[in-house]
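Please open the structure and keep the sequence beside it. These notes take the sheet strand by strand.

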Amino acid sequence: DLPPSIIESDLRIKGKPVEFALVLPNQKRLPLDSKFAGTELLERLSQQQNSTESHNLKMELQKKVLIQAERVASYVDHSITLPFALMAVPDSIFSFVSIDVISRAYKQGVHILSYSMTAPFLLTFYSLCLQYAAQIDPTSLNTTIERIIRNCEKIRGELENKVAKGQTMINNAY
């Protein structure tokens with residue numbers, strides 16, 4: 001349901017096919033994977049009466065999510081993508097994903113979303129990129145860089161003077 005101009009299908013990153021990618025105004029891609037093979041665990045979990053077995057199935061489901069997140073992390077290629085990727089999972093599975101799993105996936109560069117939140121997230125993210133994407137004026141950039149260099153040189157000069165003065169004071173005291 002997203003506008004076709006902002007979605008790219010069957011993108012290849014590092015030789016691997018990526019299901020979808022959000023095409024950003026700067027032409028970078030945000031990889032999105034929404035395939036998840038864990039529904040059989042969810043069915044077994046819903047039929048489970050034993051709390052120990054239920055806990056074990058939840059843990060196994062979370063392991064599957066982490067394994068999938070590891071695979072999705074391989075879609076990140078800083079030359080063509082943002083430094084992170086998205087992984088959408090069914091809402092029923094997302095309800096069993098712990099904050100620890102979300103945090104561990106995040107450390108790998110993967111943000112986990114539920115299916116129902118994926119489209120709103122993508123549209124919001126794209127809107128923010130449009131709003132805050134700025135054209136860089138080379139003249140302004142050069143002026144700013146020159147100003148930073150001058151200020152760094154001033155700071156270096158002051159530090160060297162203060163360190164030399166401090167060293168002289170220490171030598172005199174010694």
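The points below cover the sheet, its pairings and the helix lying across it.

1. Start with the whole sheet. This is a predicted model. Its 5 strands form an open sheet in the order β1-β2-β3-β4-β5. The pairing is mixed. General background helps here: strands of a sheet pair through backbone hydrogen bonds, either parallel or antiparallel.

2. Now find the edges. β1 (7-13) and β5 (110-114) are the edge strands, and each pairs on one side only. From one strand to the next, the twist averages 35°.

3. Look at β1 and β2. They run antiparallel, with 6 bridges between them. L11 stands opposite V18 in β2. The two strands make a hairpin with 2 residues between them. K14 in this hairpin has a positive phi near 55°.

4. Move on to β2 and β3. These strands are also antiparallel, joined by 4 bridges. Here F20 has L32 in β3 as its bridge partner. This hairpin has 5 residues between its strands. Q27 sits in the turn, with a positive phi of about 70°.

5. In which sense do β3 and β4 pair? They are parallel: residues 29-33 and residues 85-89 pair over 2 bridges. Check L32 again. Its bridge partner in β4 is L86, while on the β2 side L32 is the partner of F20.

6. Finish with helix α5, residues 115-132. The helix lies across β2 (16-23), β3, β4 and β5. Against β5, helix α5 runs at about 125°.

Note on methods
Residues numbered from 1 in each chain as written. Predicted model: local features only at pLDDT ≥ 70, side-chain atom pairs only at ≥ 80, totals over all residues. Heavy atoms only, no water. Pairing = 2+ DSSP bridges. Axes fitted to C-alpha atoms, helices over the stretch in contact; angles between N-to-C directions. Contact = heavy atoms within 4.5 Å.
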